[in-house]
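Load the model in a viewer and keep the selection tool at hand. The stops below are meant to be taken in order.

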Amino acid sequence: MEPKLGAWDTALRDRAMDYAAQGVRVFPCVPDGKTPLTRNGFHDATTDFAVIADWWDRHPRANIATPTGAPGFDVLDVDVRPNGTGWASFHQANQAGLLDGWLRAVRTPSVGLHLHYPGTAQRNGSISGHHLDFRSHGGYVLLPPSQVTAETYTGGYSLLRSQDGPGRTLDWAALTALLAPPPPAPAGPTPAMRSRPGVDATEYLAGHVARQPEGNRDNALFWAACRAAEAHIPDPEPLVTAAIHAGLPEHQARRTVRSAYDTIARQPTRCTPAVLAAPPPARAR
């Protein structure tokens, strides 16, 4: 005998249908969580009523999610966690006029905030230490009235306010530049930096990494981190920060720096102490 659906279960299915009717592609996630229930995750999102009805008939308590980025919407996520919140950075960006143009404001279960903007093809990102995340091309978010149970909070997503009009896209690069500006990029190393042992070349190395175009960022970071390791620079954090500003995800940047330091520790001659201005070698994949 099939279990009877309660009001909450039918509300979730009805809301999923409502979103689809508005042109918002949806897909189901596990009850009280964010893990997709579909085989291909957010790639299976649809506005097809028959598919959506089948999903929620099989999973009546499933949360509702949607892919971010065009043709949907981008999302600025103001995080609230035990180790800090993004509200101070949010207010700083808002006072600078960088957050105008949002379409919907959604309260999150942690009592944070999602602001929905017109979708773009920008990359997902986060600003280390500022508790702000950005979801665009290749990401997804939960929609009201989905609920989440986590270690530090339990609650639902709820619409606070919506605004009419086409809205304005959020410039994530401008927001990142405001809150965490990249380190200065010197024109090149001074003769002392090239020849004197023990001179801290961190500023030059970080500037070199920050200037790299897409496709060479990881290689340049690995080369710079090798140089830093050879110079016994104890804190490579400026290199990580520069790589993030150049467009590398934080976890990738930290992994690359660790790999370079480990490489020098094991094989100190693998990255020879060449002139700092020399182009970085291609990194083996």
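The tour goes through two sheets, the backbone exceptions beside them, an aromatic pair and a pocket.

The model is predicted, with local features requiring pLDDT of at least 70 and side-chain atom pairs pLDDT 80 or more, while totals for chains, interfaces and linings use all residues. Residues are numbered from 1 along each chain as its sequence is written, and side-chain values use heavy atoms, with hydrogens and water left out.

**Stop 1: the six-stranded sheet**

Select strands 8, 9, 3, 7, 6 and 13; in that order they form an open sheet with antiparallel pairing. Strands are DSSP runs of E with at least two residues, helices are runs of H or I with at least four, and both are numbered from the N terminus. Two strands count as paired if DSSP finds at least two bridges between them. Strand 8 (125-127) and strand 13 (158-162) are the edges; each has a single partner strand, so one side of each lacks a neighbour in the sheet. From one strand to the next the twist averages 20 degrees. Angles are taken between N-to-C directions, from 0 to 180 degrees, with axes fitted to C-alpha atoms, for helices over the stretch in contact.

Now walk across the sheet, starting from the strand 8 edge. Three bridges join strand 8 to strand 9, running antiparallel, and I127 stands opposite L132 in strand 9. The hairpin of these two strands has four residues between them, and there G129 takes a positive phi near 85 degrees. Strand 9 is joined to strand 3 by four bridges, again antiparallel; select D77 and its opposite, D133 in strand 9.

Next, select 73-78 and 113-118: these are strand 3 and strand 7, antiparallel and joined by six bridges. The bridge partner of V75 in strand 7 is H116. H116 also stands opposite R104, a residue of strand 6 (residues 104-107), which is joined to strand 7 by four antiparallel bridges. Between strand 6 and strand 7 the hairpin has five residues, and V111 takes a positive phi near 65 degrees. Finish at the other edge, where strand 6 and strand 13 pair antiparallel over four bridges and A105 stands opposite R161.

**Stop 2: the three-stranded sheet**

Select strands 1, 2 and 10, an open antiparallel sheet in the order 1-2-10. Strand 1 and strand 10 are its edges, each pairing on one side only. Here the twist averages 40 degrees from one strand to the next. Strand 1 and strand 2 (residues 63-67) run antiparallel and share three bridges; C29 has N63 as its bridge partner in strand 2. Add helix 2, which lies across strand 1 and strand 2 and runs at about 15 degrees to strand 1; contact means heavy atoms within 4.5 Å.

**Stop 3: loops with backbone exceptions**

Which bond joins A70 and P71? It is a cis peptide bond, with omega about 10 degrees, and P71 is in the loop between strand 2 and strand 3. Another cis bond runs from P144 to P145, with omega near 5 degrees; P145 is in the loop between strand 10 and strand 11 (147-149). Then pick D32, which has a positive phi of about 65 degrees although it is not a glycine. D32 lies in the loop between strand 1 and helix 2.

**Stop 4: an aromatic pair**

The whole structure holds five aromatic pairs. Rings of Phe, Tyr and Trp (its six-membered ring) pair if their centres lie within 6.5 Å; planes under 30 degrees apart are stacked, over 60 edge-to-face, and the rest tilted. Select F42 and Y140: their ring centres are 6.2 Å apart and their planes at 35 degrees, so the pair is tilted. F42 is in the loop between strand 1 (27-29) and helix 2 (49-58), and Y140 is in strand 10 (residues 140-142), 98 residues apart along the chain.

**Stop 5: the largest pocket**

The largest pocket has a volume of about 550 Å³. A pocket is an open set of points on a 1 Å grid over the protein atoms alone where a 1.4 Å probe fits, with protein on both sides within 12 Å along at least five of seven lines; lining residues have an atom within 4 Å of a point. Of the 22 lining residues, the closest to the centre are N124, G125, W172, I244 and G247. Helix 4 gives the most to the lining, with four residues.

Conventions. Points joined across faces, edges and corners; volume = space filled by probe spheres on them.
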